[in-house]
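Student: I would like to learn how to read a protein model step by step. Could we begin with the whole chain and then move inward?

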Amino acid sequence: MTIPAIETNRLTKDYGDGRGCRDVTLTIEDGEAFGFLGPNGAGKSTIVKMLTGLIQPTSGKAQIFGYASGTIEARRRMGYLPELFRYPDWLTGDEVLAFHAKLCELDRVMAKRRIHQLLDEVGIGSRGRDRLKGYSKGMQQRLGLACALLGNPDIVFLDEPASALDPVGRHEVRELLARLRSQGKTIFLNSHLLEDVELLCDKVALLNNGKVLAEGRVSEVLRMQSNWRIRVNGYTPFALEKIKQLLGVNAVIQSGTAAVDESVWLEVELEDDEQISLVNYLLIELGLTIYEVGKTKSRLDEWFLQAVSGLEHRGERR
Ligand SMILES: Nc1ncnc2c1ncn2[C@@H]1O[C@H](COP(=O)(O)OP(=O)(O)OP(=O)(O)O)[C@@H](O)[C@H]1O
């Protein structure tokens with residue numbers, strides 16, 4: 001049996017007034033990409049800090065590849081990009097990385113090679129020779145990511161790695177994380193960018209008020225919902241009835257007014273993605289013209305919103 005990359009058992013941090021997190025039990029296997037979701041203040045960073053050994057749990061246990069979190073053996077296996085960090089702005093990117101290379105005990109030749117390679121991978125390149133005071137927020141974030149990867153860790157903890165990035169930077173980080181995943185690294189990703197989590201992660205857990213509210217494999221969560229928007233011309237209520245009849249109650253039109261010869265949007269909730277080709281076929285058979293077909297939005301969004309809707313949560317919207 002292989003040892004899980006991360007295992008927690010009733011992990012608890014009590015900051016007083018019910019803040020922190022309670023009884024969090026998780027298992028993340030070696031090589032899995034895990035997305036940790038939750039509203040602001042849910043306790044995500046608190047858990048990452050306990051897993052990386054930056055703070056001590058009030059009770060419960062956490063292990064990294066079988067080693068107690070916070071021990072040198074556990075820390076040797078991990079890289080960490082904190083949510084909020086600041087390097088001295090008089091240093092250059094190269095110098096920040098060289099300092100971290102010393103902390104990782106890389107020898108000089110290896111350090112030089114790794115620094116060069118990582119600066120390229122995170123898109124900083126030759127600007128590694130510039131002082132940080134000239135870096136944008138996005139560049140500082142990429143440098144943080146390079147620091148986290150310097151020691152070639154088996155697990156990377158990433159707390160909002162794309163928060164300061166523009167869409168291009170976000171796309172690049174997504175690609176970088178996908179590469180890490182294909183190299184067999186374990187990724188623990190705290191993120192509010194659900195689309196990124198949906199694309200990258202194997203498993204997700206949703207934290208609310210310090211407790212795990214729901215968890216599962218992303219493929220299972222996504223299989224639960226399949227919402228599509230279809231822009232059609234020639235829609236009639238008869239078409240809707242026919243689709244409902246043939247596909248069952250899960251196919252519903254949520255919006256769209258009947259207006260022959262004008263295009264309208266149909267919102268269709270299906271049992272699974274496989275049904276969309278049948279819906280398209282039926283619409284064409286019924287004489288409608290299809291202009292556009294697409295999923296409504298990140299479906300992890302819907303899972304998240306449904307799971308937390310109606311629940312109280314601390315944080316900004318109290
Ligand atoms: N050092 C601390 N002392 C006291 N309370 C704290 C401390 N750190 C965090 N908290 C509280 O614990 C709760 C969880 O905070 P945490 O930062 O872990 O949430 P989060 O899910 O990471 O939020 P966000 O998505 O906004 O980053 C919050 O109510 C926060 O105010």
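Tutor: Let us begin with the idea of a domain, whose bounds here come from an automatic or database domain assignment. The model in front of us is predicted, and its chain is divided into domain 1, covering 6–217, and domain 2, covering 226–297.

Student: How many Å separate the centres of domain 1 and domain 2?

Tutor: Taken over C-alpha atoms, the two centres are 42 Å apart. The C-alpha atoms of the chain fill a box of roughly 70 × 45 × 45 Å along the principal axes, and the secondary structure comes to 11 helices and 13 strands.

Student: What share of the contacts in the chain with a separation of 6 or more is between residues 24 or more positions apart?

Tutor: Such pairs account for 69% of those contacts. As for burial, a residue is called buried if 20 or more other C-beta atoms lie within 10 Å of its own, and buried residues make up 35% of the 318 residues in the chain.

Student: Now the sheets, please. In what order do the strands of the 6-stranded open sheet stand?

Tutor: A sheet is read by walking from one strand to its partner, and two strands count as a pair if at least two bridges are found between them. Here the walk gives the order 6-7-8-3-9-10, with mixed pairing. Strand 6 (78–81) and strand 10 (211–217) are the edge strands, each of them pairing on one side only, and from one strand to the next the twist averages 15°.

Student: Which strands are joined to strand 3 by bridges?

Tutor: Strand 3, residues 33–37, runs parallel to strand 8, residues 186–190, and 4 bridges join them; strand 3 also runs parallel to strand 9, again with 4 bridges. You can follow one residue across: Phe-34 has Phe-188 as its bridge partner in strand 8, and Phe-34 stands opposite Lys-203 in strand 9.

Student: What lies opposite Lys-203 in strand 10?

Tutor: Opposite Lys-203 stands Arg-217. Strand 9 and strand 10 pair in the antiparallel sense over 6 bridges, and they form a hairpin with 2 residues between them, where Asn-209 in the turn has a positive phi of about 50°.

Student: Why is strand 9 described as largely enclosed by the rest of the structure?

Tutor: Strand 9 is described that way because 5 of its 6 residues are buried.

Student: What is the order of the open sheet of 4 strands?

Tutor: Its order is 2-1-4-5, with antiparallel pairing. Strand 2 and strand 5 (67–68) stand at the edges with a single partner strand each, so one side of each has no neighbour in the sheet. Strand 4, residues 59–64, is joined to strand 5 by 2 bridges, and in this pair Gln-63 stands opposite Ala-68. Helix 1 packs on this sheet, touching strand 1 (6–16), strand 2 and strand 4, and its direction makes about 120° with that of strand 1.

Student: Which strands of the other sheet does helix 1 lie across?

Tutor: Helix 1, residues 44–51, lies across strand 3, strand 7 (155–159), strand 8 and strand 9 (203–208), and it runs at about 150° to strand 7. Helix 1 is mostly covered, with 8 of its 8 residues buried; among them are Lys-44, Ser-45 and Thr-46. Just after helix 1, Gly-53 takes a positive phi of about 85°.

Student: Where is Gly-38, and why does Gly-38 count as buried?

Tutor: Gly-38 is placed in the loop between strand 3 and helix 1, and Gly-38 counts as buried because 27 C-beta neighbours lie inside 10 Å. Leaving aside neighbours within four places in sequence, Gly-38 is in contact with Gly-43, Lys-44, Leu-206, Leu-207 and Asn-208. By contrast with those contacts, the C-alpha atoms of Gly-38 and Ala-62 are separated by 20 Å, although 24 residues lie along the chain from one to the other.Student: Finally, how many residues surround the ligand, and which are the closest?

Tutor: The shell has 13 residues, and the closest are Tyr-15, Asn-40, Lys-44, Ser-45 and Thr-46. Strand 2 (19–28) and helix 1 each supply at least two residues of this shell, and the largest share, 3 residues, comes from helix 1. Sorted by class, the shell has 2 nonpolar, 7 polar and 4 charged residues.

Definitions and conventions: Residues numbered from 1 in each chain as written. Predicted model: local features only at pLDDT ≥ 70, side-chain atom pairs only at ≥ 80, totals over all residues. Axes fitted to C-alpha atoms, helices over the stretch in contact; angles between N-to-C directions. Contact = placed C-beta atoms within 7 Å. Near = placed C-beta within 6 Å. Nonpolar A, V, L, I, M, F, W, Y, C, P; charged D, E, K, R; others polar. Buried ≥ 20, exposed ≤ 12 C-beta atoms within 10 Å, placed from the backbone.
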